[in-house]
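This report considers one protein structure, shown below. It begins with a single loop residue and then turns to the fold as a whole.

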Amino acid sequence: MLKVNARILVVEDFPTMRRIIKNTLRQLGYDNIKEVEDGSLGLVALKAEPFDLVISDWNMPKMTGLELLQKMRTDEELKHIPFLMITAEGQKENILTAAKSGVSNYIVKPFTPQILKDKLKIIFP
């Protein structure tokens, strides 16, 4: 069963992609969504309020999604939060780097609503 009341933080520098992710999440029944445009603002948001999931792009200014993930995984208060990477970085090395850094799941752009739904089912069994 999907965790519909989950508090989700979307970290993405491209406004159109933020809107696509947010609209897809809403279609799936999620409406408790906060958006920020880079990893440093994501870290600020995570410190300010509790979240059940972070969905992040990889390539962003100021702090990348990978750097955000690495900071979260070394922070006692944040390391338990599932982290879903949605990125154009589809090379095997990138996926392995993210996996070694503790990513919960990984989606390569472009993606369909069904792919996002399937990944969320894995994260929220």
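## A loop residue with positive phi

In this predicted model, Lys62 is located in the loop that runs between strand S3 and helix H3. Its backbone deserves attention: phi of Lys62 is near 70 degrees, a positive value in a residue that is not glycine. Most residues other than glycine have a negative phi. Lys62 is also exposed, and its relative accessible area is 72%; the threshold for calling a residue exposed is over 50%.

## A cis peptide bond

A second backbone feature occurs at Pro110, where a cis peptide bond links Lys109 to Pro110, with omega at about -5 degrees. Most peptide bonds are trans. Pro110 belongs to the loop between strand S5, residues 105-108, and helix H5, residues 113-123.

## Overall architecture

The protein contains 5 helices and 5 strands. Followed along the sequence, these elements give the pattern β-α-β-α-β-α-β-α-β-α.

The C-alpha trace spans about 35 × 30 × 30 Å along its principal axes. For 125 residues, a compact globule would be expected to have a radius of gyration near 14 Å, and the 13 Å computed for the protein agrees with this. Among contacts in the protein with a separation of 6 or more, 63% are made by residues 24 or more positions apart.

## Helix H3 and its packing

Which residues of helix H3 are buried? Within this helix, residues 65-73, they are Gly65, Leu66, Leu68, Leu69 and Met72. These residues lie on the same side of H3, because they cover an arc of only 160 degrees around the axis.

The buried residues of H3 pack against both strands and helices. The strands are S1 (8-11), S3 (53-56) and S4 (83-87), and the helices are H2 (39-48) and H4 (92-101). Strand S3 thus appears twice in this account: the loop holding Lys62 lies between S3 and H3, and S3 is also one of the packing partners of H3.

## Burial, surface and charge

Of the 125 residues in the protein, 49% are buried; a residue counts as buried when its relative accessible area is under 20%. The protein exposes about 6400 Å², of which carbon and sulfur atoms supply 54%.

How many charged side chains of each sign are there? The protein has 18 positive and 16 negative side chains. The centres of these two sets lie 4 Å apart.

Conventions: Residues numbered from 1 in each chain as written. Predicted model: local features only at pLDDT ≥ 70, side-chain atom pairs only at ≥ 80, totals over all residues. Heavy atoms only, no water. Buried < 20%, exposed > 50% of the residue type's maximum accessible area, 1.4 Å probe, protein only. Helix = DSSP H or I, 4+ residues; strand = E, 2+ residues; numbered from the N terminus. Arc of directions from axis to C-beta. Contact = heavy atoms within 4.5 Å. Rg over C-alpha atoms; globule rule 2.2 N^0.38 Å. Areas by Shrake-Rupley, 256 points an atom, 1.4 Å probe, with all protein chains shown as cover. Lys, Arg positive; Asp, Glu negative; His and termini not counted. Charge placed at Lys NZ, Arg CZ, Asp CG, Glu CD.
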